[in-house]
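Please work through the following exercises with the sequence and the coordinates open beside you. Each task is followed by a solution that proceeds step by step.

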Amino acid sequence: MTTTELIQIPEEIQKSFNGKFLFPGDEGYDAARSLHNGMIDKRPAVIACCVTTADVRDAVNLGRDLGLEISVRGCGHNVAGRAVTEGGLMIDVNPMKGVSVDPAAMTITAQPGVNWGQINRASSVHGMATPGGVVSTTGIAGLTLGGGLGWLQGRYGLASDNLIGAELVTAEGDVLIVNEDTNPDLLWALRGAGANFGVVTSLKYRAYPVTDIVGGMILHPYDDAAAVFDAYGRFIEPAPDELALQFGLMHDQDGVKLAALVLCHSGDNLDDAELEVAPIREYGSPVLDDVKKMAYPGINTLFDPSFPRGAQNYWKSAFLRELSPEVAKIMVDAYATVPSPLTLMLIEPVRGAAARVDPTATAYPHRQHGYSVLIQAQWWDPAESEVNIAWTREVFDALRPYMLEASYVNYLSEDDGALTRDAYGPNVGRLRELKRQYDPTNLFHLNHNIDPAG
């Protein structure tokens, strides 16, 4: 008996469904189930490619009534790969790509198949932006619902902080409007733990006047990496909210190891911005200084070549207590023996507006002034998985003494289930109560899960 015969789509759904259902062997099935992380290779029994909220509602009801495991795929960037189920029903909202910008209200409304490059393009026409990620192909829904670190967080907060409304399909198939006045408890939960509570079919953001910025990458010789790390700490601590600055260890296109300082200054006066970043540009003897004035959407493409779709991915991340010489030595020494030239090590600061929010004001709790460290291991050949994963775990273990008990849900890998409590921190109890209210059977469990049973 074939999968199509095993799963019977009711005639009334087939007639009214605006999208399409894909089964193994159908044209488009493999493309729809593929994710950014090439390590993930799962085969849903059926994929519901949705183009309307009604499609999503029908898909949720279908999966629940048939007893199928449900996964939800937006743009498929999350490293853990939980957007695709093995043998269940994948709800694919990637075809839902509408964007609406309201310059008078300073808001942006978008569907869950939109990525940050697309939303930035649409809003930039009106001289507007909302805080998003640092890679243009990342989906807005996944990043926002998990918190949303990005270039504008120091000035305007996280992506989730600027989520002011949503449309949500619940486990019961109800379509709820979520905002500060209607279902405010769900808005609180969507701001950092949203994948647990249903399928978001629309996201509404607060936006700000952002046009041009001063930004780019400064690359230093790897022999200077420890000194650049030290300088990074001196530059970032007194920096204004408008200046986002990251430290990274990476390879250039010729495979040469480098230490990087990557910055985005979103201040209103670009001449002042250039003066404030001048000490960073004048430091040391960089091999490349590509900092310049650019339209804001450009800074979100800077890392795109470093995140190739289809590569094998295994990440580890945490929040550091401080930028200490010990941390610098561990990172620099470890990267000297990194197995793959695609692998990056990055430090992102948590500061400014993002750090001035109470940890319980949204589901995302990590508001202490500090630093996120990401070990983003990537490689092409699956035969090299063992050595790359082992190297990543070894480096992460070496950094443990300098970490806080806190994890960023968007950076957790498939085997990081034990860190879910660290991801939600003091908000676990309230989130579990809401999970019991809106999804008591844990229908939506292919995520960094909040178990309603505790």
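**Exercise 1.** Determine which backbone atom the side chain of Ser 123 reaches, and describe the surroundings of Ser 123 in this predicted model.

*Solution.* Step one is the polar partner: the side chain of Ser 123 reaches the backbone oxygen of Asn 120, at 3.3 Å. Step two places the residue in the fold, where Ser 123 belongs to helix α5, which spans residues 116-124. Step three concerns accessibility: the relative accessible area of Ser 123 is 1%, and because the cut-off for buried is under 20%, Ser 123 counts as buried. Step four lists the neighbours: when residues up to four places away in sequence are not counted, Ser 123 touches Val 101, Ile 108, Met 128 and Ala 129.

**Exercise 2.** Work out how the buried residues of helix α15 are arranged about its axis, and which elements cover them.

*Solution.* Begin with the residues themselves: in α15, which runs over residues 428-438, the buried positions are Val 428, Leu 431, Arg 432, Leu 434, Lys 435 and Tyr 438. Viewed down the axis of α15, these buried residues fall within an arc of 165 degrees, and they therefore line one face of the helix. Next, turn to the face of α15 that points away from the buried side, where the exposed residues Glu 433 and Gln 437 are carried. Finally, look for what lies over the buried residues of α15: the cover includes β9 (175-179), α8 (184-193) and α14 (420-424).

**Exercise 3.** Characterise the interface of domain 1 and domain 3 by its area, its contacts and its polar pairs.

*Solution.* First fix the bounds: the chain is divided into domain 1 (12-92), domain 2 (99-209 + 426-438) and domain 3 (212-402). The C-alpha centres of domain 1 and domain 3 are 34 Å apart. In the second step, count the contacts, which involve nine residues of domain 1 and eleven residues of domain 3. In the third step, consider area, since the size of an interface is often given as the accessible area lost when the parts come together. Domain 1 and domain 3 bury about 780 Å² between them, and 51% of this area is on carbon and sulfur atoms. On the side of domain 1, the residues that lose the most area to domain 3 are His 36, Met 39 and Val 79, which together account for 67% of what that side buries. In the last step, examine the polar pairs: the count of salt bridges between domain 1 and domain 3 is zero, while six residue pairs are in polar contact across the interface, both residues of each pair being at pLDDT 80 or more.

**Exercise 4.** Examine three salt bridges of the structure, giving for each the N to O distance and the accessibility of the partners.

*Solution.* The background is that side chains of opposite charge can pair when their charged atoms come close. The structure holds 22 salt bridges, among which the following three are taken in turn.

- Asp 58 pairs with Arg 57, with the closest N and O atoms 3.6 Å apart; Asp 58 is buried at 13% relative accessible area, whereas Arg 57 is partly exposed at 33%.
- Lys 292 pairs with Asp 290, with the closest N and O atoms 3.2 Å apart; Lys 292 is partly exposed at 38%, and Asp 290 is partly exposed at 32%.
- Arg 393 pairs with Asp 415, with the closest N and O atoms 2.9 Å apart. Arg 393 lies in helix α13 (residues 385-399) and Asp 415 in the loop between α13 and α14, so this pair ties together parts that are 22 residues apart in sequence. Arg 393 is partly exposed at 41%, and Asp 415 is partly exposed at 38%.

As a closing step, look for shared partners: salt bridges of this kind join Asp 30, Arg 33, Asp 41 and Arg 43 into one network.

**Exercise 5.** State the sign of phi at Asn 183 and at Asn 442, and give the place and accessibility of each residue.

*Solution.* Recall that most residues other than glycine have a negative phi. At Asn 183, phi is near 55 degrees, a positive value; Asn 183 lies in the loop between β9 and α8 and is partly exposed at 22% relative accessibility. At Asn 442, phi is near 60 degrees, again a positive value; Asn 442 is in the segment after α15 and is buried, with a relative accessible area of 13%.

Technical notes:
Residues numbered from 1 in each chain as written. Predicted model: local features only at pLDDT ≥ 70, side-chain atom pairs only at ≥ 80, totals over all residues. Heavy atoms only, no water. Buried < 20%, exposed > 50% of the residue type's maximum accessible area, 1.4 Å probe, protein only. Helix = DSSP H or I, 4+ residues; strand = E, 2+ residues; numbered from the N terminus. Arc of directions from axis to C-beta. Contact = heavy atoms within 4.5 Å. Domains from an automatic or database assignment. Buried area = accessible area lost by both parts, 1.4 Å probe. Salt bridge = Lys/Arg side-chain N within 4 Å of Asp/Glu carboxyl O. Polar contact = N/O pair within 3.5 Å; in protein donor to acceptor, adjacent residues only side chain to side chain.
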